[in-house]
Amino acid sequence: MSTLVGIKFIEKGILDTLSKMGVEEIPAVGEFNPEFHQAVDTDSIAEVETNHIVKEVCKGFTYKGKVIRYSQVIVKR
């Protein structure tokens, strides 16, 4: 259990440092936006509205407002 706490602490430190450098995480909630999200799969059963994100598969990031990695998401069709 203490290993997991240590890893979470290191992750937070890295994300804080990246944030200070201008790298920000892309939120993967709400409506699908092709400017920030890449749909890797669809789900027709999920209890969300059509064209909304069901689940984030891989986090996405921007650097000073430009996408450097799209969020990979599953979208309700």
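Is Ser71 buried or exposed? In this predicted model, Ser71 is buried, with a relative accessible area of 0%. The residue belongs to strand S6. Setting aside residues up to four places away in sequence, Ser71 touches Ile26, Ala28, Phe36, His37, Gln38, Glu56, Cys58, Lys59 and Gly60. The description below starts from the overall fold and returns to this strand.

The protein chain contains one helix and six strands. Along the sequence they follow the pattern α-β-β-β-β-β-β. The radius of gyration is 15 Å, whereas the globule rule gives 11 Å for 77 residues, so the chain is more spread out than a compact globule. The C-alpha trace spans about 40 × 35 × 15 Å along its principal axes. Of the 77 residues, 22% are buried. Contacts between residues at least 6 apart in sequence were also examined, and 58% of them join residues at least 24 apart.

Helix H1 covers residues 2-20, which makes 19 residues. From its first C-alpha to its last, H1 reaches 27 Å. This is close to the 27 Å expected at 1.5 Å a residue. Gly22 follows H1 and has a positive phi, near 105°. Phe9 provides a reference point for distance. Phe9 and Asn33 are 24 residues apart in sequence, yet their C-alpha atoms lie 31 Å apart in space. Asn33 sits in the loop between S1 and S2. Its relative accessibility is 27%, so Asn33 counts as partly exposed.

Three strands make up an open sheet, in the order S1-S4-S5, with antiparallel pairing. Strand S1 (23-26) and strand S5 (66-69) are the edge strands. Each has a single partner strand, so one side of each is left without a neighbour in the sheet. On average, neighbouring strands of this sheet are turned by 40° against each other, direction ignored. S1 and S4 run antiparallel and are joined by four bridges. Within this pair, Ile26 has Gly60 of S4 as its bridge partner. Strand S4 (residues 60-63) also pairs with S5 in the antiparallel sense, over three bridges. Here Tyr63 has Lys66 of S5 as its bridge partner. S4 and S5 form a hairpin, with two residues between the strands. Lys64, in the turn, has a positive phi of about 50°.

Strand S6 (residues 71-76) pairs with both S2 and S3. Strand S2 (residues 37-43) runs parallel to S6, and six bridges join the two. One of the bridge pairs is Asp43 with Lys76 of S6. Strand S3 (residues 53-58) pairs with S6 in the antiparallel sense over four bridges. In that pairing, Lys55 has Ile74 of S6 as its bridge partner. S6 is mostly covered, with five of its six residues buried.

Which residues form the largest nonpolar core? This core has five members: Ala28, Phe32, Ile53, Val73 and Val75. Val73 has contacts well beyond its sequence neighbours. Not counting residues up to four places away, Val73 touches Ala28, Phe32, His37, Gln38, Ala39, Val40, Asp41, Ile53, Lys55, Glu56 and Val57. Among these, Ala28, Phe32 and Ile53 are also listed in the core.

Ala28 is found in the loop between S1 and S2. At 15% relative accessibility, Ala28 counts as buried. Leaving aside neighbours within four places in sequence, Ala28 is in contact with His37, Ile53, Glu56, Ser71 and Val73. Its contacts therefore include both Ser71 and the core residue Val73. Ala28 and Tyr70 are 42 residues apart in sequence and 9.9 Å apart in space, C-alpha to C-alpha.

Ala28 thus brings the account back to the opening residue. Ser71 touches Ala28 and has a relative accessible area of 0%.

Technical notes:
Residues are numbered from 1 along each chain as its sequence is written. This is a predicted model: local features need pLDDT of at least 70, side-chain atom pairs count only at pLDDT 80 or more; totals for chains, interfaces and linings use all residues. Side-chain values use heavy atoms; hydrogens and water are left out. The expected span of a helix is 1.5 Å times one less than its number of residues. Two strands pair if DSSP finds at least two bridges between them. Axes are lines fitted to C-alpha atoms, for helices over the stretch in contact, and angles run from 0 to 180 degrees between N-to-C directions. A nonpolar core is a set of buried Ala, Val, Leu, Ile, Met, Phe, Trp, Tyr and Cys residues joined through side-chain atoms within 4.5 Å. Buried means under 20% relative accessible area, exposed over 50%, partly exposed in between (1.4 Å probe, protein chains only). Contact means heavy atoms within 4.5 Å. The radius of gyration is taken over C-alpha atoms; the globule rule is 2.2 Å times the number of residues to the power 0.38.
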